[in-house]
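Here is a walk through one protein model, written for someone new to reading structures. Keep the 3D view open and click along as you read.

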Amino acid sequence: MSDRTTVPFALERLGVIMHPDPADPNEAWGVLNPAACRARDGALYLYPRVVAEGNYSRVGLARIVFESGEPVGVERMGYVLEPSEGYERNERTAGVEDPRITYIAAIDKYVMAYAAYGPLGPRAALAVSDDAFTWRRLGLAKFAYAPAYHTDFDLYVNKDVYLFPEPVRDPQGRPALAMIHRPDYNMAWWLESGYHVQPAGIAEPRPSMWISYTPLEAVQADMRNLQFWYDHQLLAVPQQPWESLKIGGGTPPVLTPLGWLTIFHGVDGTLTPGTDHQRNVRYCAGVLILDRDDPRQVLYRSPTPILEPGTDEELKGIVDNVVFPTAVDPRDDGRIDVYYGMADARIGVARMQVPSELPA
């Protein structure tokens, strides 16, 4: 368990916020890895990944119940997205997985990024909403060919996708929307031997975090342009023992006085190729602080986890030893509530106090 007195940005657990309903077969394999947002009515809504037997995933809707200002439970309200498109289905199962939601005032839209579990594995997909309840798919994210890397990022499995809530500057200095994503260079991930094709000039073979951009003006002119992403840049690679297998994005960025704060996950252990639910891995969480105007610049990165599996609910589940933050709710006085998957079976909530200055 993280120690708030010694670990900067450490998360303090508040408890389990959502358990699977044992009477509902749609939740037989857990509720986990939710998105969250404040709708226009001011209430906080949770969008859990709801998993039926066979790894069939939907995106649910639940209203967070508060008592004395503290989150204590949820009121289920059905589903907002179910796998219906060809890019969300494959010969074994189907899934709309691990959503993240960002409200972007510059386009006055809620944007959901999620993993579409299609014929060739997970791909980044996008949907938009005016009210946070009714969603319209845009389709799979399309990544422009990257001549500098001799790479077509559309060929990679890609997930852990989310957008920044405010425009930033792209590498040319233009106002742009930004996306963090995690391509996997193994283009035959289902085979024991795999088939790895790394971008040219990238020495790190392990799955890492990238950032891409799309011009704000183009999206304001036509929402369909939110599907197209450019100027891909490597953001962060595995560094520490607790990240020895891979890293990936976690929660949509929150703008703080320190810069953009985003929680990421690191994985260690042993991976079994072609397996949906790994058995010999451990997922922990860390924090990145990115520059306000140029988020390619990492101002701080936590060397040790800010949250690691420690409670019974985090140690035992569909996948043991997992904490997987995917949603944030900024409160006040520098507090941020973080919603996270627990052992791929249930959802917890923890709280972060943002320090007044960056750790040395």
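Strand S2 (residues 31-38) and strand S3 pair up antiparallel, with six bridges between them. One of the partnerships to look for is Ala 35 with Tyr 47 of S3. Five residues sit between the two strands in this hairpin, and there Gly 42 takes a positive phi near 90°. Keep in mind that you're looking at a predicted model, not an experimental one.

Now look at the other neighbour of S3. Strand S4 (residues 56-67) is joined to S3 by six bridges, and this pair runs antiparallel too. Here Tyr 45 has Arg 63 in S4 as its bridge partner. The S3 and S4 hairpin has three residues between its strands, and Gly 54 is the residue that takes a positive phi near 90°.

How many of the nine residues of S3 are buried? Nine of the nine are, so the strand (residues 44-52) is largely enclosed by the rest of the structure. To see how that works, remember that side chains in a regular strand alternate between the two faces of the sheet. On one side of S3 you'll find Leu 44, Leu 46, Pro 48, Val 50 and Ala 52, and on the other Tyr 45, Tyr 47, Arg 49 and Val 51. Every one of these is buried, so both faces are covered.

Next up is the greasy stuff. The largest nonpolar core has 26 residues, and the members touching the most others are Leu 126, Leu 163, Leu 226 and Trp 229. At least two core residues each come from strand S7 (109-118), strand S8 (121-129), strand S11 (157-163), strand S13 (175-184) and helix H1 (216-221). S8 gives the largest share, three residues. Try clicking on Trp 229: beyond its neighbours within four places in sequence, its contacts include Leu 126, Phe 143, Leu 163, Leu 177, Met 179 and Tyr 213. There is also another core apart from this one, with 23 residues, including Leu 258, Leu 307, Val 323 and Ala 350.

Aromatic rings are fun to hunt for as well. The structure holds 12 aromatic pairs, and here are two of them.

| Pair | Centre to centre | Angle between planes | Type |
|---|---|---|---|
| Phe 9 and Tyr 300 | 5.5 Å | 35° | tilted |
| Tyr 149 and Trp 210 | 5.1 Å | 80° | edge-to-face |

Where along the chain do Phe 9 and Tyr 300 sit? Phe 9 is in the segment before strand S1 (11-18), while Tyr 300 is in strand S20 (residues 298-301), so to speak a long way along: 291 residues apart. Both Phe 9 and Tyr 300 are buried.The other pair links distant parts of the chain too: Tyr 149 is in the loop between strand S10 (142-143) and S11, and Trp 210 is in strand S14 (residues 209-215), 61 residues apart. Tyr 149 and Trp 210 are both buried. They also belong to one aromatic cluster, together with Phe 153, Tyr 156 and Tyr 185.

A ring can have a charged neighbour as well. The charged end of Arg 58 sits over the ring of Tyr 79, 5.6 Å from its centre.

Last stop: the cysteines. A disulfide is a covalent bond between the sulfur atoms of two cysteines. How many disulfides does the structure hold? Zero. Two cysteines to find are Cys 37, which counts as buried at 8% relative accessibility, and Cys 284, which is buried with a relative accessible area of 0%.

Methods
Residues are numbered from 1 along each chain as its sequence is written. This is a predicted model: local features need pLDDT of at least 70, side-chain atom pairs count only at pLDDT 80 or more; totals for chains, interfaces and linings use all residues. Side-chain values use heavy atoms; hydrogens and water are left out. A nonpolar core is a set of buried Ala, Val, Leu, Ile, Met, Phe, Trp, Tyr and Cys residues joined through side-chain atoms within 4.5 Å. Buried means under 20% relative accessible area, exposed over 50%, partly exposed in between (1.4 Å probe, protein chains only). Helices (H or I, at least four residues) and strands (E, at least two) are DSSP runs, numbered from the N terminus. Contact means heavy atoms within 4.5 Å. A disulfide is a pair of cysteine sulfur atoms within 2.5 Å. Rings of Phe, Tyr and Trp (its six-membered ring) pair if their centres lie within 6.5 Å; planes under 30 degrees apart count as stacked, over 60 as edge-to-face and the rest as tilted. A charge sits over a ring if NZ of Lys or CZ of Arg is within 6 Å of the ring centre and within 35 degrees of the ring normal. Two strands pair if DSSP finds at least two bridges between them.
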